[in-house]
Each structure stands twice: as C-alpha cells, then as structure tokens.
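Subject: Structure for your files

Hello,

Here is the structure, with the sequence alongside. My notes on the sheet and a helix follow below it.

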Amino acid sequence: MAEDRAFPLPADILGNVASFPDLKPAIPEPAGGERKRYRTIWISDVHLGTKGCNAKLLIDFLDHTDSDTMYLVGDIIDGWRLRKKFYWPPEHNDIVWRILKRAKRGTRIVYIPGNHDEMIRPFSGMNFGGVEILRAAYHDTADGRRLLVLHGDEFDTIMLAHRWLAFVGDALYHVMMELNIWVNRFRRAFDLPYWSLSKMAKHKVKNAVEFISRYEEVVSRAAATRGVDGVVCGHIHTAEIRTFAHDGKSIEYYNDGDWVEGCNALVEHFDGRMELLHWPTEIAKREAAAAVEENSAGGPTPAKVAA
Ligand SMILES: [Mn+2]
C-alpha cells in the first residue's frame with residue numbers, strides 16, 4: 001500500500017503554503033522565548049520523511065534562533081526515501097510550518113535543493129510562500145567576502161569511486177560495532193573463534209576520512225575557479241570549517257553538517273564571523289546557564305558577589 005503512494009511533493013507539502021497560517025504546529029512555539037540572532041544561518045541534510053531526522057532538536061534550534069537570511073542547503077526533504085515508504089510525523093510538518101513562519105516574519109529563505117530533494121530543482125527561480133528556490137547562490141558576508149552556496153552532490157561524478165565511503169565513518173560504523181557483538185555471541189555459541197569486524201571497519205573508516213578530505217579539496221578547488229572567497233555546502237554529513245590554498249589564493253570551505261547525526265548549523269555573526277554550532281552542545285550550555293540562574297534566584301551566590 002505504502003509502496004503505491006505517490007510522492008506528495010509539491011502539491012501536498014507545498015500546498016500547505018496556501019493553508020498557512022491556519023495550520024497549527026503539533027509542538028507549539030515557546031511563548032516569548034528569547035532567540036539568538038544571526039546575520040545568516042545555513043542548515044542542510046535534514047532528511048525530513050525519514051526516521052533518521054532529529055526533528056525535535058531541529059525544532060528546538062528553530063525556536064531559539066533567528067536570522068536575516070536562512071539558507072536551506074539541500075536534502076531537506078528526503079524524496080528518495082518517501083517514495084519507497086511514506087513517513088511524515090507531525091514534527092516534520094512543524095519544521096515546514098516554522099520555516100514558512102520565519103519567511104512570514106521577514107527572514108529571507110533560500111532553498112537550494114540537493115540530490116535527495118532533486119524533485120524540487122525544476123522549481124528553481126520560483127518562490128513558494130516566501131521561500132526562494134535556487135540551484136545555487138552567492139552570499140556576500142558582512143566583512144565583504146563572497147561565498148558560493150550549493151548542496152555539493154554536484155561533485156559526485158568526480159568522487160564516484162569513493163562516494164559511499166562518506167557515510168561509513170559514522171552511521172555504518174556504529175551499526176557494524178553493534179553487529180560485531182551479535183556475530184561473536186553467535187560464533188561463541190557454536191565454539192567458533194572471535195572474528196573482528198572492527199578491523200575491517202577501521203580500514204573503511206580510514207578510507208572515509210580520506211574521502212572527506214578529498215571531497216573538501218575538490219569542492220574548494222571548484223570554488224577557487226569561480227573566483228569566490230569561499231564555499232558553503234552540505235551533502236557529506238560532516239560539519240567543517242577549513243581553509244584551503246589553491247593557486248596561491250586562500251579559500252574557505254564551510255560544511256554545515258546535517259540533522260541526522262551531527263545536528264549542526266553554520267552561522268554568520270553580524271560582523272561576518274562564521275561559526276559552526278553543534279546544537280546538542282548549545283542546549284547543554286543553555287540548560288547549564290538556566291540552572292545557575294535558578295540557583296542564584298534564592299540569593300546572591302559567592303561567585304556573583306565576587307563578580
Ligand atoms: Mn546530498
């Protein structure tokens with residue numbers, strides 16, 4: 001049954017734009033919550049429509065931040081997976097709702113579809129409820145640098161031989177470690193010697209590290225030939241800020257990570273300074289600060305008096 005279900009884009013999901021803001025989110029926005037403001041936010045590889053998407057963490061991120069411009073750098077919706085098995089919990093609608101709400105509040109939203117949401121690419125140049133769809137974009141930072149923004153699957157043909165290795169480093173590695181325990185439990189039951197899956201996995205991980213490094217090299221070199229100062233991409237689910245030198249020119253490579261494993265966002269502060277956020281760490285910081293505030297509410301703490 002689920003197999004037969006037609007892919008719901010754009011009629012159903014983008015159709016929500018028409019009924020917005022009558023829709024109500026399943027998880028309401030916190031009332032009067034303070035938002036950290038940035039000049040620009042980049043997120044990618046959200047993979048809405050899959051169980052892997054950390055929707056609740058992303059909702060928390062969207063509820064605690066704001067920006068003049070927000071780039072959705074591809075693989076926001078996982079059309080490949082949705083086509084196979086329809087999976088769309090209320091939190092995934094909440095993310096669409098929050099992004100549309102941002103656009104309505106005045107944030108410029110630029111959506112650059114990736115390979116998993118390539119079905120949106122034909123809509124490049126169009127605007128849905130304040131969301132501009134573009135194939136790639138140039139972003140000018142506050143400190144006068146020009147960055148090329150693209151998803152990054154454009155380099156898959158070059159990387160073809162190593163493509164699948166990108167994901168071995170995280171997800172598959174953990175699956176293999178888990179599997180290793182079960183395999184050896186089984187082998188022990190049949191008096192077979194211990195067999196190490198981890199030895200093979202470690203070899204693959206080394207290849208994954210090489211793959212990532214090569215990918216960053218290839219993407220930054222492509223940016224250099226376009227005469228920009230840097231590049232922002234996603235695609236390989238590996239957040240990074242790295243400086244490359246190509247033909248004597250310095251090129252900044254920014255990868256905004258993903259919301260499956262890393263839960264990262266790339267942000268530009270109002271002075272042009274760039275920062276990678278790891279949202280679980282940001283939540284921990286926020287909760288620690290709230291705990292301190294709660295403690296000091298009863299009276300001044302020695303630390304506060306000293307300050
Ligand atoms: Mn991708």
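Strands (E, at least two residues) and helices (H or I, at least four residues) are DSSP runs, numbered from the N terminus. Two strands count as paired if DSSP finds at least two bridges between them.

Please note that this is a predicted model: local features need pLDDT of at least 70, side-chain atom pairs count only at pLDDT 80 or more, and totals for chains, interfaces and linings use all residues. Residue numbers start from 1 along each chain as its sequence is written.

The hairpin

β9 and β10 make a hairpin with two residues between them. In that turn, D247 has a positive phi of about 50°. The pairing of β9 with β10 (residues 249-255) is antiparallel and runs over seven bridges. Two of the partnerships can be named: R242 is bridged to Y253 of β10, and I241 to Y254 of β10.

The sheet

The hairpin belongs to an open sheet of five strands, ordered β6-β7-β8-β10-β9, with mixed pairing. β6 (137-140) and β9 (240-246) are the edge strands; each has a single partner strand, so one side of each is left without a neighbour in the sheet. From one strand to the next the twist averages 25° (axes are lines fitted to C-alpha atoms, for helices over the stretch in contact, and angles run from 0 to 180 degrees between N-to-C directions).

What does β8 pair with? β8 runs parallel to β7 (residues 146-149), joined by three bridges, and parallel to β10, joined by four bridges. On the β7 side, L147 has G230 of β8 as its bridge partner. On the β10 side, G230 is bridged to E252 and V232 to Y254.

Strand β8 (residues 230-233) is covered on both faces: G230 and V232 are buried on one side, V231 and C233 on the other. Buried means that 20 or more other C-beta atoms lie within 10 Å of the residue's own, with C-beta atoms placed from the backbone; 12 or fewer is exposed, and in between is partly exposed.

The helix

Helix α8 (residues 279-297) has 19 residues, of which the number buried is one, so α8 lies largely in the open. Its expected span (1.5 Å times one less than its number of residues) is 27 Å, and the end C-alpha atoms are 27 Å apart, which agrees.

Regards
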